[in-house]
Amino acid sequence: MKRLFLPLLIVLACQGPEVAPPDPVYPIPSERQLAWHELEYYGFIHFNMNTFSDMEWGMGDEDPADFYPSALDARQWAKVARDAGMKGLIITAKHHDGFCLWPSAYTEHSVKNSPWREGEGDLIRELREACDEYGLKMGIYYSPWDRNHADYGKPEYITYMRNQLTELLTNYGEIFEVWFDGANGGTGYYGGANEDRKVDKKSYYEWENTIALVRELQPNAVIFGDAGPDVRWVGNEHGFAYETTWSNLLRDSVYAGMPEYADQYAKGQEDGSHWVPAEADVSIRPGWYYHEYEDHKVKTLPQLLDIYYKSIGQNASLLINFPVDRRGLIHEKDVEQILKLKEKIDEDFAEDLSSTAKVRASNERGNGYEANNVLDGRKESYWATEDGMIQSHLAFTFDDPTWVNRFVVQEYIALGQRIKKFSLEAKTENGWELIAEGTTIGTKRILRFDDIEVRQIRLNILDAKAEPLLSSIGIFYAPKLVTEPILRREKSGILTLEVPESGIEIFYTVDGSTPDTQSPVYESPLMVDQPVTLKTIAVDRGTGRKSEVMTYALDIPKAQWKVLSSDIGAEKAIDEDPQTFWKSDSNELVIDFGEEHKISGFTYWPPQNRYMTGIISQFVFQGSNDGENWRDLAEGEFSNIHNNPIEQQVRFSEATVRYVKLRAKQTTDDQNAAFGEVGVITFEQ
Ligand code: FUL
């Protein structure tokens, strides 16, 4: 008897008594939502008739013959997405203008009537094959609003929409997300073929039946809409989730396409009845569709990195859009930037230091729910406290003092989002210090803080709906982001240089030589009252990493300059900020330098706002010594300025003048001339 029972007793002693799992806190995610949470990061493709009409919202009367990409390659899109670390691609199968990227049997407004692939093309199929080749999931964007279809606004259109969804969700394999756009003339502006047909957004689309159809055809797909049902919009198109972001939503009282609900989409609701997590969508350029004139506006690495941390790091998934160009390719500049982001994320999370620490919890629920579960890399295991133990902490102790600046924490969301308030403290040589605090955690929260050398780091759960459940913790020491400093100059001539991270030094020269760590260090704003060539470099002293060298030709300061106009807004044309602009009723700008200057050229920044009007395409530039008698100094065109609205430089033979006048002979859209920033050239740059 003894011999028989001994092994069993040993096993029982090791396993300890069985412990009941914590009760769920409702709402909880469905299986399909849990699978979607795993993806985190995927791409959007906006490519459609708008690409060729150079619009963001086409009217629906475009000619299918205009859809004619010269070198379309969906494999290039998939490769870029895969290399960027994305897990899938969602494509605009049909946008608001109604043009279809597949040869739908229910309309003539599609690729089948375009010259592309001689009318035999099917872009959804090409993307499917490319996604399969590169191991990506595929999603479908389908705009319920349709400016082309004659029946839009009538019940017949709903049948059309369902027929098309049936095609898309039956013929192209597994779809991971069906993206229903909320825009349907929400501002009362409808436009297109059905201008006069206003629809009641709550009832017109009979969402219940449409959702049932998607469930039937693609049971594993999540459905995105402004307010769900499975995934919700984050409430802005900047790609940022909020410091407080609940995956819970009072879904049945929040409706798609209605701006008054934006705050609910944005942050979710602590008392929300359904699990409807946030997806943050953003384009890598200002527009969703490709416009050559935005080639110089692709988001920079610091911008993209901020988006990453404020979406994935704040309980949302991230959907970054590529406006595929007219060739049918993701533009080289977009590829370069998205790969820089990937490289930096890999660098930031290269080594998880938590594996070198010992973890202890203030309380453990018992067998199977130990603190160590947060370090085992398994998403099914988690640390839990005993029933009712809400205030609690997890402490990580390092053998040696360790530098850290990132803390990644994940709740075990299968049993509901719980945490409402937390703080992070570090034990250094000087005792405990508060290094971060916040509200919600959810699927993932990434805390960024200044470099600190710690012996211990402690996550305190201060308030939660029920006992906290944490499935994963990561601790990292991300290298600093070393990018070129950003220069700002005021009208007075005062100049500031900025880098996105603290702890980076900026060195500069004004004598034309290449700056290095022996050059003067930038410590505070500089007064530049002479024309100089400034060169800068940013250096992380710790690692020795350097940015590229930047060169700036800084001409005479504009401190004494005045615009001769009674409109005070006119000063925006010479405030050293191309982002602000002045629109002139007379189509000209007259500047008084206050004294004579020898000039040999001028510069013009067209307006930089999203929908630029009044860009000067043909000009006359004149000079005067008394403000009355003018002589022409230059005349000509700014070639390609509509497509590439960057700073223009025009040179002419030297002239000594006190007044200058830039007059528009023509603007690109026949609107009054707009001046982003005007300057002069007085030295060879
Ligand atoms: C919006 C649309 O109106 C835009 O054109 C774009 O497709 C964006 C992703 O969603 O609602």
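This is a short talk on a few places in the structure shown above.

First, the ground rules. The model is predicted, so to speak of a local feature I need a pLDDT of at least 70, and side-chain atom pairs count only at pLDDT 80 or more, while totals for chains, interfaces and linings use all residues. Residues are numbered from 1 along each chain as its sequence is written, and side-chain values use heavy atoms, with hydrogens and water left out.

I start with the ligand. Which residues surround the ligand? They are F44, H46, W57, H95, H96, Y141, W179, D181, A183, E237, D281 and W288, where a residue counts as near if one of its heavy atoms lies within 4 Å. Three of these residues also come up as polar contacts, meaning a pair of N or O atoms within 3.5 Å; within protein, one must be able to donate a hydrogen and the other to accept it, and residues adjacent in sequence count only if both atoms are side-chain atoms. A side-chain N or O atom of H46 is 2.7 Å from a ligand oxygen. For H96 the distance to an oxygen of the ligand is 2.9 Å, and for a polar side-chain atom of Y141 it is 3.2 Å. The ligand taken alone exposes 290 Å², and the protein buries 90% of that; these areas come from the Shrake-Rupley method with a 1.4 Å probe, and for residues only the protein chains shown count as cover.

Next, helix α4, residues 74-83. Helices here are DSSP runs of H or I with at least four residues, strands are runs of E with at least two, and both are numbered from the N terminus. At the N-terminal end of α4, D73 acts as a cap, with a side-chain oxygen 3.0 Å from the backbone nitrogen of R75. The buried residues of α4 are A74, Q76, W77, A78, V80 and A81. Buried means under 20% relative accessible area, exposed means over 50%, and partly exposed is in between, with a 1.4 Å probe and protein chains only. The cover over them includes β1, β2, α5, β10 and α10. After α4 comes G85, whose phi is positive, near 90 degrees.

Helix α10 spans residues 332-348 and holds K344. Is K344 buried or exposed? K344 counts as buried, because its relative accessibility is 5%. Not counting residues up to four places away in sequence, K344 touches L301, L305, P479, K480 and L481, where contact means heavy atoms within 4.5 Å.

Last, residues 538-683. UniProt, in an unreviewed entry, places "domain: F5/8 type C" there; its positions are in the numbering used here, feature names are shortened, and annotations may be inferred rather than shown by experiment. Over this stretch the chain is 0% helix and 49% strand.

Why is strand β31 described as largely enclosed? Because five of its five residues, 677-681, are buried. E677, G679 and I681 are on one side, with V678 and V680 on the other. In a regular strand the side chains alternate between the two faces of the sheet. β31 pairs with β26 in the antiparallel sense over five bridges, pairing being at least two DSSP bridges between two strands. One bridge joins G601 to I681.

F675, in strand β30, is buried at 0% relative accessible area. W605 is 70 residues away in sequence, yet 6.7 Å away C-alpha to C-alpha. W605 is also among the contacts of F675, including W582 and L662.
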